[in-house]
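Grab a coffee and get the sequence and the model up on your screen. Here are some exercises to work through, each with a solution.

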Amino acid sequence: MEHRLAEGLWQLDTRLGGFDAVNASFLVEGERPCLVETGPQLTAGVVRQALARRGLGPQDLATVVLTHIHLDHGGGAGEIAAAFPRARVLCHPRGARHLADPTRLVAAAAAVYGPALDTLYGRMTPVPADRVVAAPDGQRIDIGGGRWLRCIHSPGHAKHHLAVLDERSGTLLVGDAVGVRIPGAGPLRPSTPPDDFDRDQAIASLRRFAAVHPTQVVLSHFGPAGDPPSVLADAEEQLMGWCAAAAAAVAEVDDLDHVARALEGLASRDDREPVEPDRERIVEMMSGVRSNAAGLLGWLRRPAGGAPAAPSPAWGGPVG
Ligand SMILES: [Zn+2]
């Protein structure tokens with residue numbers, strides 16, 4: 001169901017995989033309404049219904065913004081674009097061409113997810129190329145009535161990642177750049193998937209977020225994360241801890257399983273919040289230790305801990 005984050009700003013539950021409170025989209029209401037995140041293809045209908053409940057007809061949605069083009073965030077873009085024919089679809093310039101031709105994106109996701117691609121996410125229908133907009137850093141989106149959103153480039157989780165600031169309420173929609181915290185599944189944890197996770201970029205992005213002094217930080221997985229300065233500091237500390245643990249593990253044995261075991265040892269539990277095994281399993285499916293280990297391994301294997309040895313695939317990587 002819809003949850004009010006601020007005046008005219010709603011969090012919608014995409015019900016990814018049929019689960020509650022795992023994956024979110026967001027609606028900013030106004031003369032020119034904007035949807036941030038479409039969720040995956042398989043649950044695009046859920047998002048359409050939520051928009052209808054908020055009173056949006058097919059001609060009403062002006063803009064869609066994707067924080068990045070991983071399939072759980074943007075996989076439904078083709079369906080939403082078809083249902084709302086006037087909407088433009090904005091994303092990071094590094095993601096734009098893959099919205100118009102998702103062939104490589106979907107092929108890469110299929111290789112990583114296997115059967116889960118068709119049970120959990122779905123694939124991706126192209127967005128007409130003339131409706132795709134590559135959003136530069138700082139791009140502002142006019143909602144009408146003096147309300148503006150601002151795109152803040154925030155690579156690290158993926159190089160095609162951006163966050164969306166609602167300038168009116170100070171709410172910062174951070175996609176996956178701060179990490180993942182699913183209610184009932186323990187504390188915030190980093191999300192460091194293949195193919196282009198980069199620690200230094202991720203840290204720089206967290207500091208950019210702190211510098212805009214958001215009133216709230218909202219995760220796509222899932223919801224408001226708590227006091228922004230503490231959340232951002234906690235995210236940075238955890239990320240540094242994971243990267244250090246992965247580096248130490250690789251120095252012992254350069255092997256994915258070994259790195260994954262090292263991360264499992266770090267999967268701290270917050271005793272203040274009861275952990276439900278079913279919810280933990282969902283996190284493992286969405287942003288699992290093995291996927292995070294693979295992303296960290298990729299980062300560590302690049303020369304100088306981050307500079308790509310060769311141009312890496314522009315689609316960026318499908319996980320998380
Ligand atoms: Zn992601």
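The exercises below all use this predicted model.

**Exercise 1. Work out the strand order of the seven-stranded sheet, and say why one side of each edge strand has no neighbour.**

Step 1: Walk across the sheet. It's an open one, and the order reads S1-S2-S3-S4-S5-S6-S7, with mixed pairing.
Step 2: Look at the edges. Strand S1 (3–6) and strand S7 (132–134) sit there with a single partner strand each, so one side of each has no neighbour in the sheet.
Step 3: Check the twist. From one strand to the next, the average is 25°.

**Exercise 2. Find how strands S3 and S4 pair, and what lies across them.**

Step 1: Strand S3 (residues 24–28) pairs with strand S4 (residues 34–36) in the antiparallel sense, over three bridges.
Step 2: Pick out one residue. Phenylalanine 26 has valine 36 in S4 as its bridge partner.
Step 3: Now add the helix. H1 (residues 44–53) lies across S2 (9–13), S3 and S4, and runs at about 145° to S2.

**Exercise 3. Decide whether threonine 63 is buried or exposed, and list what it touches.**

Step 1: Locate threonine 63: the residue belongs to strand S5 (residues 63–65).
Step 2: Apply the cut-off. Buried means under 20% relative accessible area. Threonine 63 has 0% relative accessibility, so this residue counts as buried.
Step 3: Skip the neighbours within four places in sequence. The contacts of threonine 63 are then Arg32, Pro33, Cys34, Leu35, Ala87, Arg88, Leu90 and Ile141.

**Exercise 4. Describe the largest nonpolar core, then find another one.**

Step 1: The largest core holds 62 residues. Those with the most contacts inside it are Leu12, Leu35, Leu51, Leu61, Val64, Val65 and Leu99.
Step 2: Zoom in on leucine 99. Beyond its neighbours within four places in sequence, leucine 99 contacts Leu66, Ile69, Val89, Cys91, Met124, Pro126, Val127 and Val132.
Step 3: Apart from that core lies another, of 17 residues, including Ala249, Ala260, Leu296 and Trp299.

**Exercise 5. Characterise the crossing of helices H9 and H11.**

Step 1: Take the geometry. The axes of H9 (residues 256–266) and H11 (residues 289–301) come within 8 Å and cross at roughly 115°. The crossing is right-handed.
Step 2: List who makes the contact. H9 brings Leu256, Asp257, Val259, Ala260, Leu263 and Glu264, while H11 brings Val289, Arg290, Asn292, Ala293, Ala294, Leu296 and Leu297.
Step 3: Sort them by class, and you get nine nonpolar, one polar and three charged residues.

**Exercise 6. Place proline 136 and classify its exposure.**

Step 1: Proline 136 lies in the loop between S7 and strand S8 (140–144).
Step 2: With 42% relative accessibility, proline 136 counts as partly exposed.
Step 3: Not counting residues up to four places away in sequence, proline 136 touches Cys151 and His153. Histidine 92 is 44 residues away along the chain, with a C-alpha separation of 6.8 Å from proline 136.

**Exercise 7. Classify the exposure of glutamates 280 and 237.**

Step 1: Glutamate 280 is in helix H10 (residues 277–287), and at 29% relative accessible area that residue is partly exposed.
Step 2: Glutamate 237 is in helix H8 (residues 228–252), and at 62% that residue is exposed.
Step 3: Finish with distances, C-alpha to C-alpha. Glutamate 280 and glycine 186 are 7.5 Å apart, and glutamate 237 and proline 277 are 26 Å apart.

Key:
Residues numbered from 1 in each chain as written. Predicted model: local features only at pLDDT ≥ 70, side-chain atom pairs only at ≥ 80, totals over all residues. Heavy atoms only, no water. Axes fitted to C-alpha atoms, helices over the stretch in contact; angles between N-to-C directions. Helix = DSSP H or I, 4+ residues; strand = E, 2+ residues; numbered from the N terminus. Left-handed = near helix turned anticlockwise from the far one by under 90°. Contact = heavy atoms within 4.5 Å. Nonpolar A, V, L, I, M, F, W, Y, C, P; charged D, E, K, R; others polar. Core = buried A, V, L, I, M, F, W, Y, C linked by side-chain atoms within 4.5 Å. Buried < 20%, exposed > 50% of the residue type's maximum accessible area, 1.4 Å probe, protein only. Pairing = 2+ DSSP bridges.
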